Amino acid sequence: MINLDTTNKNQSPIMQPLQYFQDEARRPDVINDAEFKSIPFITTNDFDSIDNANGSSSRAFLFLDADENLQIATPELFCKKLKCQEHDKIKVISIFGNTGDGKSHTMNQVFFDGDPVFRTSTEQSSCTIGVYAAMQREQGVLCLDTEGLLGTTAKSNKRMRMLLKILAISDIVVYRTRSERLHSDMYEFLGTASKAFCLHFTQALQAMGNGSTLGPAVIIFHETHYTKPLESSVEESAEDKLRNSFARLNYETNAFSSLRYVGIQTDAKKATNFQKITDALRLEIENTAVRSPRQPAVVFKAMKLLNQKFAGEIIEKAINPFPEQYFTCGAHCESCSRRCQRSMGHVSDGEPHFNTQPCNYQHQFENKLYLCKACYNNGKEIVVSIRAQSQTDTAWSGLAKYVWKGDVIECPYCGEIYRARQYWYGNKSPESSVVHVQVVHVWKGGNSGLRGNAHSAQMVLDSVNSLSEAFTNISGPWAKAISDLLADKVAPSYWRPNQEIILCHACKRNFEKTGMPKHHCRGCGEGFCHTCSQHKLPVPARGWLQPVRVCNDCHQQLQRKSDATPAQEQADFTYCNSNLTIACTGSKPTNDEGDILVRKYGETIYNTISSVAAVAIDYPKEMIKDSARPSYWVPDAESPSCFICKSVFGSAEELELGQHASKQSTTKANRSDSRSGGGASGGGASGGGASGNGSSIAGDCRRHHCRRCGQAVCSDCSKRRMPVPDRGWLTDVRVCDSCACVPHASSNCSRSISSAISDAINGADAEDTTDLQCATSERRRSSNSQSSNCDYRNGNCNASDDAKAKTE
């Protein structure tokens, strides 16, 4: 352009330029009629440019970086980057897969006719870091290319969360794989995505008002070179095979609206044919039954909502290349759940479980270890425990000190260092005064020393009970004879003496063999068992104006005539208890008030003493027993019968009453059956009360607890005594017959594997003998229970004629 100088005002008019040329000189080279606007600042990388080299097509832009940060600030900028209007409707298609499987190349070929909208690379490093987006305007599709799985990164967990959020906002998901066989990482990714969508993403998207209850449609694009892809048959389609594989690996796909498989086999020397995946995608894009197209602003807001909601920090743990769980012990601490750090098989070599990390205290395990503080300060670790009595005390003196002074802590070097009630007040806890506390791990089957501390009070009670039982067994016959003699001295003259009562006057049961106590009928004076003398009526003819014990026959007579003397119709003699002789005079029994006055006073005194003893002795005793009872013992209320032989616990009278009630119910049932059946079974109910003399009841059936299993057993099923270190019983204690045949778990801990193999080879005969003895004991116990237990609970208790003959 010609440069005209217009600054010199002194030039001649001919030399002055014309006004036209002056205006033309002031015009710019390029004229732009559009309104000028500033270009917004958008963060991009080297690949995130506006146009490609020849300017023919738009490049993809970075939508989400590797740190899950959105690169677009507002929905308006998002629409501008996509070069679409805000009211346009689009569908979101994302592609996933392992790194190097050609995800970007697939998106370029399917949606952009091979144009490099998404960057591809021949280098080893991944070309897609984060998530890139591009718009396919003809089909109305937003394409999202994601970072590949299994790529080298220090933020694998964060990458996984980012990919799951992209999958949640997508309408169609393509999983691209070029493996010859489908790998487990595909099932794991899609199964995890389905679970995350159901548990977390659905609720968040529905709160926004645009979420769907069903997730995206999934298409698995599988390309192979040397193996055949999945094929559909008449019986089972390829999709059904995929669902079976997901179910076999415990993964669910119920979050996806559909699951489709597209498999192709390509020659290694030829290019991939994308026609099948293109057709499958076209059908899904046209399908609006489940998910319809959305506005770009809706997609952006959904992504922003998920990104804000699920943006917490994730701890990225380094992968341990050495699989310790393959070779280390599988035992875990019951208190802190830490794993044992020793190698497998260390228990067989005599090494206990071990972990260097500190443990957490839990009251249910009582995993505190007490060390004597004085010895600990001197460099010695002496383990002490809280006990009910010291080692030098006897059973009775230990019980007395326990009641008066409480628990004791005793050190082998320092002696007695603590008493719970040493002073009247101001007693300190042992942890703050005399012991040093260490919290130890609780391994299954171990820590027997810790558990033993809780049984010290029960051990004292066991010792006292053993002594009292021994004293009772020795002095029992003499005490019974003396009590019978004294009872005869105060008995009325018409009562039969106790030394002459051997059988029940009604049912003929032997009192000595059955262990049942004797009772006198106040009407006739004969001796009866409790079953045959349960009724109570006044006997005014004998001087008993209040209801007293009478037998069944006297009960019937007194009901017919209240002032009758029952013995007049039954006997023609009178018992003279003053000299224990029988005066066969045939005269009427005396009804003198003084004859029974001594007995009345004796019964009053006896009942009063019994009531006081029950309150003063039995009730505190039961309280001590309940407080000292180990927690693993079965409560008495839940164990009415023996765990092994099923014998019902109780005294002889209680068992007799239960048997009598069952027999009565059986008799009534037999009578009803005989009436309905024409009397065919009437003979089975005969015998009545006379058949009861052959009962198997032989005294009280006391309840005992096995120290190993804690079940309630009878005396016959718990005669063995042995230590139970697993439960903290280090001395010989009561165990049931079932546990006596089970070998100790701790006895094999100190044996090595080689010694165990040697014992198995050389000592097979001894083990077989032990097993045979256990089996024989079990058979003997079962046979005894079958023969001796009459099972009166089911109404099958019928006495035998042989037992009746022996009793008579």
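Me: What makes both faces of strand β5 count as covered?

Reply: In this predicted model, Ile 172, Val 174 and Arg 176 on one side of β5 are buried, and so are Val 173, Tyr 175 and Thr 177 on the other. Buried means under 20% relative accessible area. Six of the six residues of β5 (172–177) meet that cut-off, so the strand is described as mostly covered.

Me: How do you know that β5 pairs with strand β2 and with strand β6?

Reply: Two strands pair if at least two bridges are found between them. Five bridges join β2 (residues 91–97) to β5, and six link β5 with β6 (residues 217–224); both counts satisfy the requirement, therefore both are pairings. β2 and β5 run parallel, and β5 and β6 also pair in the parallel sense. Arg 176 of β5 stands opposite Gly 97 and opposite Phe 221 in β6.

Me: Why are β9 and β13 called edge strands?

Reply: The open sheet has the order β9-β8-β13, with antiparallel pairing. β9 (383–384) and β13 (435–439) each pair on one side only.

Me: What makes β8 and β9 a pair?

Reply: Strand β8 (residues 368–372) and β9 share two bridges in the antiparallel sense. At least two are required, so the pairing qualifies. Leu 371 stands opposite Val 383 in β9.

Me: How do you know that the span of helix α4 is close to the expected one?

Reply: Helix α4 (residues 156–169) has 14 residues and reaches 21 Å from its first C-alpha to its last, against 20 Å expected at 1.5 Å a residue.

Me: Why is α4 called mostly covered?

Reply: Of its 14 residues, 11 are buried, including Arg 161, Leu 164 and Ile 169.

Notes: Residues are numbered from 1 along each chain as its sequence is written. This is a predicted model: local features need pLDDT of at least 70, side-chain atom pairs count only at pLDDT 80 or more; totals for chains, interfaces and linings use all residues. Side-chain values use heavy atoms; hydrogens and water are left out. Helices (H or I, at least four residues) and strands (E, at least two) are DSSP runs, numbered from the N terminus. The expected span of a helix is 1.5 Å times one less than its number of residues. Buried means under 20% relative accessible area, exposed over 50%, partly exposed in between (1.4 Å probe, protein chains only).
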